[in-house]
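Me: I would like a close look at one part of this protein. Please take it slowly and tie it to the rest of the chain.

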Amino acid sequence: MAASMAAASGGSVTRRLLRGAARGLSSGGAAAEEPEGAVVNIVFVDREGRHIPVRGRVGDNVLHLAQRHGLELEGACEASLACSTCHVYVSAPHLDRLPAPDEREDDLLDQAPLLQENSRLGCQILLRPELEGAHFTLPKVTRNFYVDGHVPKPH
């Protein structure tokens with residue numbers, strides 16, 4: 001009887017959960033109410049002060065977006081929240097539009113050189129429409145964990 005109930009309701013609980021997870025992944029992890037593929041225009045400010053306009057999509061990770069556009073934002077831990085090499089400064093009007101950093105991010109930010117009130121880890125920032133026009137400035141110095149010249153590649 002359980003098998004016929006599962007079939008009638010769309011398959012096993014496990015399959016339904018996996019389908020739901022796959023739908024979440026296919027939308028880039030973006031919130032359900034956001035249109036898939038919605039564009040968010042942001043600006044990266046590199047260490048020399050150059051402004052690099054970038055178009056991202058809702059749900060894009062700021063670290064990976066910077067790396068895809070050739071910016072020197074290291075991300076030594078590959079966005080696993082284990083380092084501070086993706087430290088960025090967020091433009092003032094947009095900082096309050098981000099969720100508050102959790103305790104782990106705060107602890108890692110304490111290790112970042114040149115920490116400021118608007119410091120955040122790029123790997124923890126996902127683009128949302130409210131971030132339209134945001135500036136993400138790379139600090140003048142960073143603690144580089146790769147000493148052998150390795151440059152991480154975006155996934």
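Is F136 buried or exposed, and what is its relative accessible area?

Reply: The model is a predicted one. In it, F136 has a relative accessible area of 0%. Buried is the word for anything under 20%, so F136 is buried.

F136 also has an aromatic partner. The count of aromatic pairs in the structure comes to 1. That pair is formed by F44 and F136, with ring centres 6.1 Å apart and 40° between the planes, and it is classed as tilted. The tilted class applies because the angle is neither under 30 degrees nor over 60. The two rings come from distant parts of the chain: F44 belongs to strand β1, residues 39-45, and F136 to strand β5, residues 135-137, with their positions 92 residues apart in the sequence. F44, like its partner, is buried, with a relative accessibility of 0%.

A second contact across the sequence involves V39 and P129. Their C-alpha atoms are 7.8 Å apart in space, although the two residues are 90 apart in sequence. P129 sits in the loop between β4 and β5. Its relative accessibility is 35%, so P129 counts as partly exposed.

On either side of P129 in the numbering are R128 and E130, whose side chains meet in a salt bridge with an N to O distance of 3.2 Å. Both ends of this bridge are partly exposed: E130 has a relative accessible area of 36%, and R128 has one of 29%. Elsewhere, D46, E48 and R50 are joined into one network by salt bridges that share partners. Within that group, R50 pairs with D46, and their closest N and O atoms are 2.8 Å apart. D46 is buried at 9% relative accessibility.

The structure holds 5 salt bridges. One of them is formed by the side chains of E105 and R120, at 2.8 Å from N to O. This pair also links distant parts of the chain, since E105 lies in helix α5 and R120 in strand β4, 15 residues apart. Both residues are buried: E105 has a relative accessible area of 2%, and R120 comes to 6%. Side chains of opposite charge can pair in this way when their charged atoms come close.

The region around α5 has a charged surface as well. D102, E103, D106, D107 and D110 gather there in a patch of negative charge. D110 is in the loop between α5 (103-109) and β4 (119-121). With a relative accessible area of 59%, D110 is exposed, whereas E105 is buried.

As for the whole chain, its secondary structure comes to 5 helices and 5 strands. From the N terminus on, the order of the elements is α-α-β-β-α-β-α-α-β-β. Of the 155 residues, 37% count as buried; F44 and F136 are both buried residues.

Conventions:
Residues numbered from 1 in each chain as written. Predicted model: local features only at pLDDT ≥ 70, side-chain atom pairs only at ≥ 80, totals over all residues. Heavy atoms only, no water. Patch = residues over 30% accessible without salt bridge, like charges linked within 9 Å, V, L, I, M, F, W, Y side chains within 5 Å. Areas by Shrake-Rupley, 256 points an atom, 1.4 Å probe, with all protein chains shown as cover. Salt bridge = Lys/Arg side-chain N within 4 Å of Asp/Glu carboxyl O. Lys, Arg positive; Asp, Glu negative; His and termini not counted. Charge placed at Lys NZ, Arg CZ, Asp CG, Glu CD. Helix = DSSP H or I, 4+ residues; strand = E, 2+ residues; numbered from the N terminus. Buried < 20%, exposed > 50% of the residue type's maximum accessible area, 1.4 Å probe, protein only. Phe/Tyr/Trp six-rings, centres within 6.5 Å; stacked < 30°, edge-to-face > 60°.
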